[in-house]
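Visitor: Please give me a close reading of the side-chain contacts in this model, starting with the aromatic rings. I should like the reasoning behind each assignment where it can be given.

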Amino acid sequence: MTDRFHRNTLAAAAVALALTAAACATSSTGDSSSSGGTVDVSLQEFSITPAQIEGPAGRSLTFNVNNLGTVPHTFAVETGSRTYETPMIDGGTSTTLQVDALGPGTYRISCTVAGHADLGMVAQLVVGEAEGAADASGAPGSSSGMGSMTGGGMTAEEMARGHKEGVEAFPAETRGQGNMPLRPTIQGGVKVFELTATETKWETEPGTFVDAMAYNGQIPGPEIRVHPGDRVRIVLNNQMSQPTTLHMHGLTVPNRADGVPYITQDPIMPGGFYVYAFRVTDSPGMYVFHSHFNSTEQVGKGLYGAFIVEPRGGFGYEVEATVFLGDGPTGYVLNGKGFPATQPIVANRGDDVLIHLANDGAMIHPMHLHGYHFEVIAQDGFPLAQPYMADTLMIAPGQRYDVVVKANYPGAWAFHCHILPHVEGPGGMFGMVTALVVQ
Ligand SMILES: [Cu+2]
């Protein structure tokens, strides 16, 4: 029975593979054993899907390459003797790549735009035995037979192991942590905060270092916390190789402190600085400071941080946490880290937990908390006249929400973006996943 089950699985997988690799053969006439196959692949920031592509031996392959992302990518297949490569493919467009017949083996696929392969834009082309040989290739589970693969080219055991290892590693240690409190100096009754922007490497998950930009070496930048009525000065030093500015997002500030290049100030050139001075007149809640110069790159690479207006006497919750959503050059991240390097929110049973959520990425992310409903009490720093309950909250770029969870149920409860390609693949969870741990 087991044997027959395996045989059927193998047969089904072989059929599926045949469909993937050959069903959309460009030639509908002629001998199928000599005509080529067509494979659809898609590119986005920063992945190639599928991550493992199965191809037949001895037949040419045509890749239909769709760039579903927003920035240009390439698609390149290295065969050892030569590299087949598309020209730059703009976001939202597609092209095809012809690859001549290959022998059995595993070939590397990547995007050749600098840094993109390191961020995850790699895949494998696995070319199996020539047709007819697969049936004879013996035992189920043998990794040489294409038919034993499933789920992105992994075996069931590999998939289970990948999921297990990720969860066991959580919360994994990485270098650097964002949102660390920034202490002001007091000068004549004014709270003065120093920020320094630098280009750096940032470890998003164990062993993955990305080219990043950071305030005071942190992503998100250090947390600035003030009270209503405070007089504030933020000094931004630019130690990067490109100009920058600082925008106080959501806050009411004088025009000269608004941080928009050539509208309210000249950009801060490398080596320069600018002083943003204002009085805090907005209601308590979550605001953001971020770059407003070349922001696709600068904010995407990490130049953002929390500006929290705290009521005098505090918010009055047992636990308070800030969760920044990010995507783009740093990958899918919560507070600058991807699972399993994300940090959990830890509470004791019965605690009221206040979570400041902010999206400084370029995509919408619906954040979903398992096991609980949370109360949405503020949007963009404004207390809601009518707070409401939700378990999934859509957060657009630039938006902030304050939500409150009554931590009544013990356990580790997943808290993640519900766009599934941002959180889980055949090898386990990644990206925008963390947990509320109630002790
Ligand atoms: Cu998402």
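Guide: Tyr-215 is buried, as its relative accessible area is 0%, and buried requires a value under 20%. The model in which this is found is a predicted one. Phe-289 likewise has a relative accessible area of 0% and is therefore buried. These two residues bring us to the aromatic pairs, of which the structure has eight. The ring centres of Tyr-215 and Phe-289 lie 5.6 Å apart with an angle of 55° between the planes, so this pair is classed as tilted. Tyr-215 belongs to strand E12 and Phe-289 to strand E17 (residues 285-291), and the pair thus links parts of the chain 74 residues apart. A further tilted pair is formed by Phe-278 and Phe-307, because their planes stand at 45° and their ring centres are separated by 5.8 Å. Here the link runs between strand E16 (residues 273-279), which holds Phe-278, and strand E18 (residues 304-309), which holds Phe-307, at a separation of 29 residues. Phe-278 and Phe-307 are buried as well. Elsewhere, Tyr-372, Tyr-409 and Trp-413 make up one aromatic cluster.

Rings also meet charged groups. The charged end of Arg-82 is placed over the ring of Tyr-84, 3.8 Å from the ring centre. Lys-337 lies over the face of Trp-202, and the distance to the ring centre is 4.3 Å.

Next come the charged pairs. Side chains of opposite charge can pair when their charged atoms come close. Across the whole structure, 11 salt bridges are found. One of them joins Asp-230 to Lys-191, with 2.7 Å between the closest N and O atoms. Because Asp-230 is in the loop between strand E13 (224-226) and strand E14 (231-238), while Lys-191 is in strand E11 (residues 190-205), this bridge ties together parts 39 residues apart in sequence. Asp-230 and Lys-191 are both buried.

Another salt bridge connects Asp-211 and Lys-201, at 2.6 Å from N to O. Asp-211 is part of strand E12 (residues 208-215) and Lys-201 part of strand E11, so the parts tied together are 10 residues apart in sequence. Asp-211 is partly exposed, because its relative accessible area is 43%. Lys-201 counts as exposed because its relative accessibility is 52%, the cut-off being over 50%.

Glu-297 and Lys-301 form a salt bridge whose closest N and O atoms are 2.8 Å apart. Glu-297 has 24% relative accessibility and is therefore partly exposed, whereas Lys-301, at 17%, counts as buried. In addition, Glu-223, Arg-225, Glu-310 and Glu-320 are joined into one network by salt bridges that share partners.

Finally, there is the nonpolar packing. The largest nonpolar core has 33 residues, and within this core Ile-345 and Ile-355 touch the most other members. Neighbours within four places in sequence set aside, the contacts of Ile-345 include Val-319, Ala-321, Val-323, Val-353 and Ile-355. Ile-345 is also in contact with Phe-415, Ala-435, Leu-436 and Val-437. Another core, of 26 residues, lies apart from that one, and its members include Val-226, Leu-236, Met-248 and Val-280.

Conventions. Residues are numbered from 1 along each chain as its sequence is written. This is a predicted model: local features need pLDDT of at least 70, side-chain atom pairs count only at pLDDT 80 or more; totals for chains, interfaces and linings use all residues. Side-chain values use heavy atoms; hydrogens and water are left out. A nonpolar core is a set of buried Ala, Val, Leu, Ile, Met, Phe, Trp, Tyr and Cys residues joined through side-chain atoms within 4.5 Å. Buried means under 20% relative accessible area, exposed over 50%, partly exposed in between (1.4 Å probe, protein chains only). Contact means heavy atoms within 4.5 Å. A salt bridge is a side-chain nitrogen of Lys or Arg within 4 Å of a carboxyl oxygen of Asp or Glu. Helices (H or I, at least four residues) and strands (E, at least two) are DSSP runs, numbered from the N terminus. Rings of Phe, Tyr and Trp (its six-membered ring) pair if their centres lie within 6.5 Å; planes under 30 degrees apart count as stacked, over 60 as edge-to-face and the rest as tilted. A charge sits over a ring if NZ of Lys or CZ of Arg is within 6 Å of the ring centre and within 35 degrees of the ring normal.
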